[in-house]
Amino acid sequence: MDAKAPATNGPATGGPLTQRPQWQALLQHAQATRDRTLRDWFADDPKRGTRLVAEGAGLYLDYSRQRVGDDTLALLFDLAHACALPARIQAMFTGQHVNVTEDRAALHVALRMPAGTRLEVDGTDVVSEVQAVLSRMSGFADRVRDGRWTGATGQRIRNVINIGIGGSDLGPVMAYEALRHYSQRDLTLRFVSNVDPTDFIEATRDLDPAQTLFIVCSKTFTTQETLTNARAARDWCTAALGEGAIARHFVAVSTNAEGVRDFGIDTDNMFGFWDWVGGRYSMDSAIGLSTMVAIGPAHFGDMLAGFHAMDVHFRGTPLERNLPVLMGLLGVWNNDFLGAATVAVLPYAQYLKRFPAYLQQLTMESNGKHVTRDGSRCDYQTGPIYWGEPGTNGQHSFYQLIHQGTRIVPCDFIGFCQPLNPLDRQHDLLMANLFAQGEALAFGKSLQQVQDEGTPERLAPHRVFDGNRPSSTILVDRLTPHALGALVALYEHSVYVQGAIWDIDSFDQWGVELGKQLARRTEAEIASAQAPSLQHDSSTNALITRYRAHRRRK
Ligand code: F6P
């Protein structure tokens, strides 16, 4: 495969997206079906709840409660074809430079290709490189888990601290929490990301340096927060154990061997990956080392198999039955034609408590873009805001707005049929709540129903639920490493589908740069011994001045 080949063009070849006949048809359709409700759709088609579903890689997707008819879906598939979605999918899988602004492939799918398969980029088989790193990771993880890898004083490692931020943190911490059930319980895993010193201090305050291993994760090994925390960790460790301890207490995961060496970590203790793995798509690369240490190489392999199963489904299944395609297109419909600005992700699984936070980077860093791949301004909405909390907790917090507020908030419910921690009938209760929420959102409660219940007239409007609020439900048998891999890959690919429709680069993140630059300048002004000559706007100048006057160093 010629990795230099340009990405297949989508809307760029057919004129601006919003001028395309397929987009215009959807606009007209949205207008024409404005008054159709989920009650109507379900009444017209008694089989809707079993017809508007799709399955793949062990996941069951019910999208019957989205505000779409067969005609809507047909128009969405027309749009997908007009945007060359099938070609865009193949472009990603074959290593074309779909990350156009950084002129790179986005080949996270290669991270989970089975051993023995091949994918060549620039004449190199990347699968064998991936497998070589996985094998080194497995050897290391096994030694930490069984006690052969000891600290500098010969003591067993009991604590593993991952230092990283963004994609070098959110994937590892989410996966650790999600798969905690499968983790080795005599190992304590912690995650330090924030440059706020509290994060590091609280993570280490009750730990013995002699039993603590740091995994410093940074694709670039230049990230300010990570290097600052890694230096704090080095000082904490060497103050107790001496300089010589670094080799036993620090390993690095990075693409930047020189940076790792400069920091003082031997590159023999470094696990590499490649520039074609985006940070937010890296939890199944060596960035997942903490996950592998926690759950073991075999479970990590199951997780990769789950990712791969969804990759195979995405690449080979017709658009009409393709889970990431369906989820992506329904998201475009809600975002651009029904005017929904956010998506609530509601896992009914306590183990998935960090899943919404993980998805925030995956979705919003990928699709929070204001220009198309060729730099033209988007005159339509791109990535929506993702947020969420596990059920049932959210029900007692923000669900009020989802049920009766004035905005549409499409919801993704995620649930599992089998409990990992059976306790009386609590799992059934959990799932009853999930099913009830989707039903209540879709069908609501009419004024007539409220009145029939004998509600006083003055209270009746307050007790009405309009319904017609869209949601999808993802149902999985059990939260296994395989299921987690498939679930993450489902969202990764649905993000790509949406990026292809919006014709944006889902793999760059220029929007994080300006803040970083300004922070560097401001840091120097804050540190300066003399009062700095501040040249910002009057607000920033006043805030810095007040901070300098009021701060206490201790
Ligand atoms: O600032 C954003 C970002 O570049 C993310 O895309 C990335 O996941 C994170 O910073 C961390 O980067 P690194 O792994 O290079 O430290």
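Begin at the ligand in this predicted model by selecting Thr223, where an N or O atom of the side chain is 2.5 Å from an oxygen atom of the ligand. Add Thr220 to the selection: an N or O atom in the side chain of Thr220 stands 2.6 Å from a ligand oxygen. Lys516 completes this set of contacts, with a polar side-chain atom 3.1 Å from an oxygen atom of the ligand. A surface display is informative at this point, since the ligand taken alone exposes 390 Å², of which the protein buries 87%.

Next, show the surroundings of the ligand. The ligand sits in the largest pocket. Around the ligand there are 14 residues, and those that come nearest are Gly167, Ser168, Ser218, Thr220 and Thr223. Colouring this shell by class gives two nonpolar, nine polar and three charged residues.

Leave the ligand and select residues 53-56 together with residues 59-62. These are strands β1 and β2, which pair in the antiparallel sense over four bridges. Within this pair, centre on Gly56, which stands opposite Leu59 of β2. Which residue in the hairpin of β1 and β2 takes a positive phi? Select Ala57: its phi is near 55°, and the hairpin has two residues between the strands.

Now extend the selection from β2 to residues 471-476, which form strand β13. The strands β2 and β13 run antiparallel and are joined by four bridges. To inspect one bridge of this pairing, display Tyr60 with its partner in β13, Leu475.

Two backbone features in loops remain. Go to the loop between β11 (385-387) and α16 (399-404), where Thr392 is found. Is the peptide bond from Gly391 to Thr392 cis or trans? The bond is cis, with omega near 10°.

For the last stop, move to the loop between β12 (411-416) and α17 (426-443) and select Asp424. Although Asp424 is not a glycine, this residue has a positive phi of about 50°.

Note on methods
Residues are numbered from 1 along each chain as its sequence is written. This is a predicted model: local features need pLDDT of at least 70, side-chain atom pairs count only at pLDDT 80 or more; totals for chains, interfaces and linings use all residues. Side-chain values use heavy atoms; hydrogens and water are left out. A residue is near a molecule or strand if one of its heavy atoms lies within 4 Å of it. A polar contact is a pair of N or O atoms within 3.5 Å; within protein, one must be able to donate a hydrogen and the other to accept it, and residues adjacent in sequence count only if both atoms are side-chain atoms. Accessible areas come from the Shrake-Rupley method with a 1.4 Å probe; for residues, only the protein chains shown count as cover. On a 1 Å grid over the protein atoms alone, a cavity is a set of points where a 1.4 Å probe fits but cannot get out, and a pocket is an open set with protein on both sides within 12 Å along at least five of seven lines; lining residues have an atom within 4 Å of a point. A molecule sits in a cavity or pocket if more than half of its atoms lie within 2 Å of its grid points. Ala, Val, Leu, Ile, Met, Phe, Trp, Tyr, Cys and Pro count as nonpolar, Asp, Glu, Lys and Arg as charged, and the others, Gly among them, as polar. Two strands pair if DSSP finds at least two bridges between them.
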